[in-house]
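Reader: Could you take me through one part of this structure in detail? I would enjoy a close look at a single helix and what leads into it.

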Amino acid sequence: QVLSDTDALIQALEKKIAKKKHIKKGVMQKLLTPKEGWELKTLSEVGEIITGGTPPTTIQSYWDGKIPWVTPTDIRAEKNINSSEREITKEGLGVIRKLPPNTLLVTCIASIGKNAILRKAGACNQQINAIVPNDSNNVDFLYYLIENNAPYIKGKAGITATLMISKKDFSEITFAFPKNKIEQNQIAQILSDLDLELELLKQKLSKYQFAKQGIMQQLLTGKIRLV
């Protein structure tokens, strides 16, 4: 009964998370649908587009540092990236394009359209196009805009053995934007708040799942007796 009750708590949380995701999707679609007064811009007009690179792997002094070097496998469900599976040194960063904090990363080969925000200075590999927003654009707004339009971006891929979007084609992708950054900020804040609620629920779920494993071990080995 104890384990069944724990399972019920976990299932209730999973349902709540699924419902919250559904709500977020609806809110995102509504907020990001072009409104009167919005204007069309190419991605190259909202910031500098940078394709990443890879420091020579044969030079050891370039690797095993503390600077993020993001590849598509580092871009998962999380919005923010502060570290990566493989990291580079200052020397390694010196031979490729450096990306400033709050740069948007978008995968452009194979799994096209995945995106995340690099929150600290770092770099990415050549399978990613980075957008360094200019002062008129909010990076969080751009993140949600890309997330909401991932299929549209994937549709821009060239017909090759491996799906890919060149830097030129990526730069020319067009979206509708609010004319002022204030509206971008407001939209980004609403969606960020929803993401925070989701993250807190996911953390709670992880704690319950971890607790269940401990409870099972204690009860099913006889370390704790209920009768």
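Author: Happy to; what follows is a walk through helix α4 and the loop before it, with a short look at a sheet elsewhere in the chain. Please keep in mind that this is a predicted model.

Let's begin with the helix itself. α4 spans residues 139-148 and is mostly covered, with eight of its 10 residues buried. Those buried residues are V139, D140, F141, L142, Y143, Y144, L145 and I146. At the point where α4 starts, N138 makes a polar contact: one of its side-chain oxygens comes to within 2.7 Å of the backbone nitrogen of D140.

Now step back to N137, which sits in the loop that runs between β9 (128-133) and α4. Its relative accessible area is 4%, and because buried means under 20%, N137 counts as buried. What does the side chain of N137 reach? It reaches the backbone oxygen of V46, at 3.4 Å. If you set aside the neighbours within four places in sequence, the residues in contact with N137 are K41, V46, F177, K181 and Q184. V46 therefore appears both in that list and as the partner in the 3.4 Å polar contact.

Finally, the sheet. Three strands make up an open sheet with mixed pairing, in the order β5-β3-β8. Its edge strands, β5 (87-88) and β8 (123-124), each pair on one side only. Strand β3 (residues 63-70) runs parallel to β8, and two bridges join them. In one of the bridges between these strands, W69 is partnered by A123 of β8.

Terms used: Residues numbered from 1 in each chain as written. Predicted model: local features only at pLDDT ≥ 70, side-chain atom pairs only at ≥ 80, totals over all residues. Heavy atoms only, no water. Buried < 20%, exposed > 50% of the residue type's maximum accessible area, 1.4 Å probe, protein only. Helix = DSSP H or I, 4+ residues; strand = E, 2+ residues; numbered from the N terminus. Polar contact = N/O pair within 3.5 Å; in protein donor to acceptor, adjacent residues only side chain to side chain. Contact = heavy atoms within 4.5 Å. Pairing = 2+ DSSP bridges.
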